[in-house]
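Here is a friendly walk through one protein model, from a few single residues out to the whole fold. Please keep the structure open beside the text as you read.

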Amino acid sequence: MSPHSRSRRPVRLLRLAVTVPLVLGGLTAASPVGSPAATLFQAASDVLLHDYYGWSDTDRTALVAQYHAALDSACADAQDTCTFDQGRKVVSDMLGQLHDPHTNIRDAEGAERLREIQNDLTVLRTGLQVVKTPLGLLVVGILPNSPGLKAGVQRFDLLTQVNGQQAGTDQKVDAAGFVRLERRAAPMVLQLTRAGQPSRVLTLTPAPMKAGDVPTLTVQNSPAGKVAVIQYPTFLADNSADLFLKSLREAQRQGAGGLVIDLRYNGGGSLEQCVRAASAFLPTVYQARWAQNRWEYAALDGDKTSPARARGAAPDDRLWTGKVAVLVGQNTASCAEVFGYFAHRAGAVVVGEPTKGVMNSGVTFVPLPDQGVMSVTVLRAYDAAGEPLPSHLDPDISAPTDVKELTTSGQDTALQTAIETVQAQSAGADSVSGK
């Protein structure tokens, strides 16, 4: 159901997936007329003025006027040859003043990465999921049967150099640059450090693999019973809920009574996927409100269902009945925050750090003239009772992820805290039941 009657082309939401038809329509005035920068600014401004429906109270008309003037100044010398890059910088600055992290732009390369993951395409990869840190590129996930795994790379290894260039925050190679090098198919020379070991150099040759990251499951034994840890990297792919449910059922098959879900590096994805996945813990209803419409998304026991059926289900109608901890961090965003919110409502303990803060809204991606996309907030989020969702998750138990500690001692203290939390809960439950 569309909240926009003026549109003709459907564009799928990736962060919180709803089909929302949008086109660029009539453009706002900007100068110098005809330059690539002006074309990009016009398109982004039109979307911001006509389609934005988030929680920001910034005067968008005044904001566009302010940055219209900034574009004039930036393009004064180049005039009609002012580039897309210059226009993108001005637009990025403008959207930053909206104070809504969900609304931003991505260049053509970023748009292509989203398309690859959404469509489950096969691309060239090393199998490493990396995030930038001041110390280097931190490996936060490794795909099964990948070149990286076969070479012995481990989670939380630190890449300090890639092809002889420094890696990490404000360095030659950031996370996007790493992906760019993977797509070239040439061997990549990585300098890798691991806690307690000398730095070493290894060469990885990217191989054809699926673009999306997948959940991984490990099961640990303890005196309080088995605890399963599911590292859940994304909700972007259309099968992310099914992959999570598969891991959950495997944890049950292996006899795990406790569960830790690691969302520290999950930036969100499809609304339907996160609602379905969260319904493993309780009947789930998510209400989305657009400027002129509203819609509800509901799921029960991992399957999409009607809101009425979810509301009428027993609160204990759930696939997973054991103890749960959800591990979150500063990179936990959007739909991952929504998943954590509903898991917490079901009794899960949230461990870690405050999340990014975009849980209470959803976006659509609109194509731009530079072949990039604009992520624009088009919906506000509410629970089944019509109460607005909070902007972010605050942990019940504080356990920051310390990159320096990870890479010097090898201790993932945040994960260990989450595991111990579940173990303590399980031991307490057994004591009460007389086991």
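Let us begin at Q371, which sits in the loop between β20 (361-367) and β21 (373-382). Helices (H or I, at least four residues) and strands (E, at least two) are DSSP runs, numbered from the N terminus. The model is a predicted one: local features need pLDDT of at least 70, side-chain atom pairs count only at pLDDT 80 or more, and totals for chains, interfaces and linings use all residues. Residues are numbered from 1 along each chain as its sequence is written, and side-chain values use heavy atoms, with hydrogens and water left out.

**Loop residues**

Q371 is not a glycine, yet its phi is positive, near 75 degrees. With a relative accessible area of 60%, Q371 is exposed; here buried means under 20% relative accessible area, exposed over 50%, and partly exposed in between (1.4 Å probe, protein chains only). As background, most residues other than glycine have a negative phi. A185 is another non-glycine residue with a positive phi, of about 75 degrees. The loop that holds A185 lies between α6 (175-182) and β9 (188-194), and at 35% relative accessibility A185 counts as partly exposed.

A399 belongs to the loop between β22 and α11 (403-408). Its relative accessible area of 5% makes A399 buried. Leaving aside residues up to four places away in sequence, A399 touches V351, G352, E353, A414 and T417, where contact means heavy atoms within 4.5 Å. A399 and T417 are 18 residues apart in sequence, and their C-alpha atoms are 6.9 Å apart in space.

The table gathers these three loop residues.

| Residue | Loop between | Relative accessible area | Class |
|---|---|---|---|
| Q371 | β20 and β21 | 60% | exposed |
| A185 | α6 and β9 | 35% | partly exposed |
| A399 | β22 and α11 | 5% | buried |

**Two enclosed helices**

Why is helix α8 (residues 271-278) described as largely enclosed by the rest of the structure? Seven of its eight residues are buried, so the surrounding structure largely encloses α8. The buried ones are L271, Q273, C274, V275, R276, A277 and A278. Their cover includes α7 (240-253), β15, β16, β17 and α10 (335-345).

Helix α10 is also largely enclosed by the rest of the structure, because nine of its 11 residues are buried. Among those buried residues of α10 are C335, F339, Y341 and F342. The cover over the buried residues of α10 includes α7, β14 (258-262), α8, β15 and β18 (323-328). After α10 comes G347, with a positive phi near 115 degrees.

**Hairpins**

Some of the strands that help cover α8 also pair with one another. Strand β15 (residues 284-289) and strand β16 (residues 294-300) run antiparallel and are joined by six bridges; two strands pair if DSSP finds at least two bridges between them. In this pairing Y286 is opposite Y297 in β16. The two strands form a hairpin, with four residues between β15 and β16.

β16 also pairs with strand β17 (residues 303-305), in the antiparallel sense and over three bridges. Here L300 faces its opposite number, D303 in β17. β16 and β17 make a hairpin with two residues between them, and D301 in the turn has a positive phi of about 55 degrees.

**An open sheet**

Six strands build an open sheet with mixed pairing, in the order β12-β13-β14-β18-β19-β22. At the edges stand β12 (216-220) and β22 (397-398), each with a single partner strand, so one side of each lacks a neighbour in the sheet. β12 pairs with strand β13 (residues 227-231) in the antiparallel sense over five bridges, and Q220 stands opposite V227 in β13.

**The whole protein**

Stepping back, the protein holds 12 helices and 22 strands. Its C-alpha atoms fill a box of roughly 75 × 55 × 35 Å, taken along the principal axes. Of the 435 residues, 51% are buried. Among contacts between residues at least 6 apart in sequence, 68% join residues at least 24 apart. The protein exposes about 18300 Å², with carbon and sulfur atoms supplying 49% of it; accessible areas come from the Shrake-Rupley method with a 1.4 Å probe, and for residues only the protein chains shown count as cover.
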